[in-house]
Amino acid sequence: AQNKMRVVHHELYFGALGVAPGWLHRLALEPVQRLWWFGHGIARRQLVVATPDRGAGPRTMRILFLTPYFPPETSAAPARAWHFARALVRAGHSVRVVTGLPSHPSGIVPPQWRDKAGTLEVVEGIEVQRVWLYATPRKSPLGRLWNHLSFACTSLPAMLAGPRPDVVLVSTPPLFHGLSAWCAARWHGAALVDDCRDDWPF
């Protein structure tokens with residue numbers, strides 16, 4: 001007999017659909033909703049697979065985890081990413097994290113980290129690769145946009161390089177690096193899992 005993998009996934013609810021004006025609903029929210037459910041369906045079809053027989057033991061996976069926030073950054077998002085990666089390693093999986101140079105929430109990269117772009121370190125069994133991103137303490141819309149876009153661009157080459165993963169795991173929002181993760185999953189022929197932490201895409 002075979003067991004199916006237990007797949008834990010987030011359901012996305014677009015609460016704004018019921019209160020948004022009709023024109024905004026048609027032009028913005030409906031396309032985003034369709035795009036989400038299209039990608040969500042692909043991820044579910046790829047991940048609901050059969051495991052080996054009971055006597056073969058649990059299957060371990062090579063997981064590529066893309067997240068813009070990771071320790072030594074502070075706040076809930078880096079802490080959540082850290083515990084997520086550590087739990088996967090403790091479950092027997094191989095985890096490689098691609099993340100940016102630490103700058104959250106101050107918007108300033110500490111001096112000891114400014115020459116660390118492209119470096120790879122191993123922390124408690126987690127491979128952590130840092131890439132450059134635009135960081136600024138000015139919290140303007142343009143600065144935030146450039147920060148998000150720069151990470152999406154610099155993280156993609158790092159994800160395409162290295163061993164082929166079984167799963168590409170990405171934590172969103174922001175939306176832009178989710179597209180980078182999708183490209184990497186397509187390149188490697190891997191399953192894509194979007195850990196969506198907010199129902200608003202930006």
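Begin by selecting helix α3, residues 141–160, in this predicted model: the helix lies across β3 (62–66), β4 (94–100) and β6 (126–131), and it runs at about 150 degrees to β4. Next, select helix α4, residues 176–188, which packs on the sheet and touches β3, β7 and β8; the direction of α4 makes about 175 degrees with that of β7.

With both helices displayed, turn to the sheet itself. Colour its strands in the order β5-β6-β4-β3-β7-β8, and you will have traced an open sheet of six strands whose pairing is mixed. The edges are held by β5 (120–123) and β8 (191–196), each of which has a single partner strand, so that one side of each is left without a neighbour in the sheet. Looking from one strand to the next, the twist averages 25 degrees.

Stay at the β8 edge and add β7, residues 167–172, which pairs with β8 in the parallel sense over six bridges. Within this pair, pick S171, and opposite this residue you will find D195 in β8.

Now return to helix α3 and select L156, which is found there. Is this residue buried or exposed, or does it fall in between? L156 has a relative accessible area of 24% and is therefore partly exposed, since the buried class ends under 20% and the exposed class starts over 50%. Show its surroundings as well: leaving out residues up to four places away in sequence, L156 touches S180, C183 and A184. For one of these, C183, the separation from L156 is 27 residues in sequence, while the C-alpha to C-alpha distance is 7.9 Å.

Move next to the loop between β4 and β5 and select S103. At 10% relative accessibility, S103 counts as buried. Which residues is S103 in contact with, leaving aside neighbours within four places in sequence? Display E73, I108, V109, L133 and A135 to see these contacts of S103.

The last stop is the second largest pocket, which holds about 570 Å³ of space. To find it, select Y69, H104, R144, N147 and H148, which lie nearest its centre among the 32 residues of the lining. Then highlight α2 (76–90), α3 and β7, each of which supplies at least two residues of that lining. Finally, colour the lining of this pocket by class, where 14 residues are nonpolar, eleven are polar and seven are charged.

Note on methods:
Residues numbered from 1 in each chain as written. Predicted model: local features only at pLDDT ≥ 70, side-chain atom pairs only at ≥ 80, totals over all residues. Heavy atoms only, no water. Pairing = 2+ DSSP bridges. Helix = DSSP H or I, 4+ residues; strand = E, 2+ residues; numbered from the N terminus. Axes fitted to C-alpha atoms, helices over the stretch in contact; angles between N-to-C directions. Contact = heavy atoms within 4.5 Å. Buried < 20%, exposed > 50% of the residue type's maximum accessible area, 1.4 Å probe, protein only. 1 Å grid on protein atoms, 1.4 Å probe; cavity = no way out; pocket = protein on both sides within 12 Å on 5 of 7 lines; lining within 4 Å. Points joined across faces, edges and corners; volume = space filled by probe spheres on them. Nonpolar A, V, L, I, M, F, W, Y, C, P; charged D, E, K, R; others polar.
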